Amino acid sequence: LNNRRFEIVGEAKKTSNSAEKLKVDTAVSVWWPLDKKEFSGIVIEIDIKRDLPHHIRYDDGDTEWTNLNYRKFEIVGEAKKTSNSADKLKVDTA
């Protein structure tokens, strides 16, 4: 496991970011104060019933549940959708 996933940063204070407006497939860059750098990832799930409602898959493959209401982050764009069978063109063979 990557140590940056277990950072404790002191008392949690709500940030001014708009985490409530986040949607699944939003690309974000999350600040990790102990590493003094940002890590990019995609919001893959949101469950507002959880204490840590935002599930992020980072570009390095790690995932974490976190609460972006209390984290420094920025929205960097929408994730690219991957093609699946529902998105494929139907061809009439008749």
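Okay, one term before we start: a nonpolar core is a set of buried Ala, Val, Leu, Ile, Met, Phe, Trp, Tyr and Cys residues joined through side-chain atoms within 4.5 Å. Keep that in mind, and remember that what you see above is a predicted model.

So, which residues make up the largest nonpolar core here? There are 11 of them: A19, L22, V28, V30, W32, F39, V43, I56, Y58, L68 and F73. Three elements, β1 (26-32), β2 and β3, each give two or more residues to this core. The largest share comes from β1, with three residues.

Now let's look at the sheet. It's an open one with five strands, and if you walk across it you meet β4, β3, β2, β1 and then β5, with antiparallel pairing. Why is one side of β4 and of β5 left without a neighbour in the sheet? Those two stand at the edges, β5 being residues 73-78, and each has a single partner strand, so there's nothing from the sheet on the other side. From one strand to the next, the twist averages 35°. If you're new to sheets: strands pair through backbone hydrogen bonds, either parallel or antiparallel.

Let's zoom in on one pair. Strand β2 covers residues 37-46 and β3 covers residues 54-58, and five bridges join them in the antiparallel sense. In one of the pairings, G41 has Y58 of β3 as its bridge partner.

Stay with Y58 for a second, because we've already met Y58 in the core list. The side chain of Y58 also makes a polar contact, at 2.7 Å, with the side chain of E64. And where is E64? In strand β4, residues 63-66. Is E64 buried or exposed? Buried: its relative accessibility is 11%, and the cut-off for buried is under 20%.

Two more residues to click on. D25, in the segment before β1, isn't a glycine, yet has a positive phi of about 80°. K36 isn't a glycine either, and its phi is positive too, about 55°; you'll find K36 in the loop between β1 and β2. D25 is partly exposed at 23%, while K36 counts as exposed at 67%.

Last thing, confidence. The chain's mean pLDDT is 78, with 65% of residues at 70 or more. Among the elements, β3 has the highest mean, 97, and β5 the lowest, 90. Over residues 83-94, though, pLDDT is below 50, and that stretch has two contacts beyond near neighbours in sequence. Where pLDDT is low, don't read the predicted coordinates in detail.

Definitions and conventions. Residues numbered from 1 in each chain as written. Heavy atoms only, no water. Helix = DSSP H or I, 4+ residues; strand = E, 2+ residues; numbered from the N terminus. Buried < 20%, exposed > 50% of the residue type's maximum accessible area, 1.4 Å probe, protein only. Polar contact = N/O pair within 3.5 Å; in protein donor to acceptor, adjacent residues only side chain to side chain. Pairing = 2+ DSSP bridges. Axes fitted to C-alpha atoms, helices over the stretch in contact; angles between N-to-C directions. pLDDT = per-residue confidence, 0-100. Contact = heavy atoms within 4.5 Å.
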